[in-house]
Amino acid sequence: MKNYTAYNNVIIACDFSSAERTYDFLKSFGDMRPYLKIGMELFYAEGPKIVRELKDMGFPLFLDLKLHDIPNTVKKAMAVLSSLDVDMCNLHAAGTIDMMKAAIEGLTRSDGTRPLLLAVTQLTSTSEERMQKELLISCKMSEVVTHYALNAMQAGLDGVVCSPLEAQIVKQKCGQKFLTVTPGVRFAESAVNDQVRVTTPAMAHELGSDYIVVGRPVTAADNPQEAYIRCLKEFNNL
Ligand code: C5P
């Protein structure tokens, strides 16, 4: 099989309820070590143990816990996440620039290294209409996303989690080096589920996403490895 390790930019969302289900799912990948995302469900079920185990097995990890609290609490929590040696973690930009700066402080180890830190702008399940009606944020979605991205950049973060549909405008405002990690990816023929702002892997590439996060199109596929490789190929134009 072709070696795809040079293209570790498709992150599989391991939204499973237990370590057992996760390891069962990962069996289909054999020796491949795709980038994995551990979210709230798996982390709350299994705790830091699963993070340490998957790291020891050689999987790059995005710990997606979307922190959002007062700056001091986030700073201390980030110090704990940093000690788990994850590669990427995140918070909600809605927590303000002070909170994001505190997060960077907490995340930075004594030797100056730290995991990548991303800000969630608006969840890809939120439509512009609901944001305006329910959250009383009256701006356009693209304005909110780019404004939050600029706040994140000002606080020293590495990038944002946003819809692929917003990757281009974030890059325009924040520069090419500012990372865009984009969930809300679906194959042309797949179900959208609860996501709203979605694109295909190829379109995400065209729009400038650096990483795509793919959950159900891979985790619910009959052959997860095949679906993952299809994502890698489409996203990297292989
Ligand atoms: O199954 P699906 O492909 O929709 O999974 C997307 C993953 O990305 C989920 O784990 C979800 O929590 C996460 N996510 C998202 N939108 C964000 C941030 C994270 O969908 N803005």
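Around the ligand in this predicted model there are 17 residues, and those that come nearest are D15, K37, T124, R186 and R216. The ligand sits in the largest pocket, which has a volume of about 600 Å³. A second largest pocket, with a volume of about 150 Å³, is also described below.

**Contacts with the ligand**

- A polar atom in the side chain of D15 is found 2.7 Å from an oxygen atom of the ligand, and a polar side-chain atom of R186 lies 2.8 Å from an oxygen atom of the ligand.
- G215 takes part through its backbone, where an N or O atom lies 2.8 Å from an oxygen atom of the ligand.
- On its own the ligand has 460 Å² of accessible area, and the protein covers 87% of it.

**The shell around the ligand**

- Sorted by class, the residues of this shell are eight nonpolar, three polar and six charged.
- Three elements, β3 (61–67), β8 (211–214) and α10 (216–219), each supply at least two residues of the shell.

**The largest pocket**

- The lining of the largest pocket is made of 29 residues, and D15, K37, D64, K66 and Q195 are the ones that lie nearest its centre.
- D15 and K37 thus appear in two lists, since they are among the residues that come nearest to the ligand and also among those nearest the centre of the largest pocket.
- At least two lining residues come from each of α2 (40–46), β3, β8 and α10, and β3 gives the most, with three residues.
- By class, the lining of the largest pocket divides into twelve nonpolar, nine polar and eight charged residues.

**The second largest pocket**

- The residues that line the second largest pocket are R186, F187, E189, S190, A191, N193, R216, P217, A220, A221, A227 and R230.
- R186 and R216, which belong to this lining, are also among the residues that come nearest to the ligand.
- The helices α10 and α11 (224–236) each supply at least two residues of the lining of the second largest pocket, while α10 also supplies at least two residues of the lining of the largest pocket.
- Six nonpolar, two polar and four charged residues make up the lining of the second largest pocket.

Terms used. Residues are numbered from 1 along each chain as its sequence is written. This is a predicted model: local features need pLDDT of at least 70, side-chain atom pairs count only at pLDDT 80 or more; totals for chains, interfaces and linings use all residues. Side-chain values use heavy atoms; hydrogens and water are left out. A residue is near a molecule or strand if one of its heavy atoms lies within 4 Å of it. A polar contact is a pair of N or O atoms within 3.5 Å; within protein, one must be able to donate a hydrogen and the other to accept it, and residues adjacent in sequence count only if both atoms are side-chain atoms. Accessible areas come from the Shrake-Rupley method with a 1.4 Å probe; for residues, only the protein chains shown count as cover. On a 1 Å grid over the protein atoms alone, a cavity is a set of points where a 1.4 Å probe fits but cannot get out, and a pocket is an open set with protein on both sides within 12 Å along at least five of seven lines; lining residues have an atom within 4 Å of a point. A molecule sits in a cavity or pocket if more than half of its atoms lie within 2 Å of its grid points. Helices (H or I, at least four residues) and strands (E, at least two) are DSSP runs, numbered from the N terminus. Ala, Val, Leu, Ile, Met, Phe, Trp, Tyr, Cys and Pro count as nonpolar, Asp, Glu, Lys and Arg as charged, and the others, Gly among them, as polar. Grid points are joined across faces, edges and corners, and a volume is the space filled by probe spheres set on the points.
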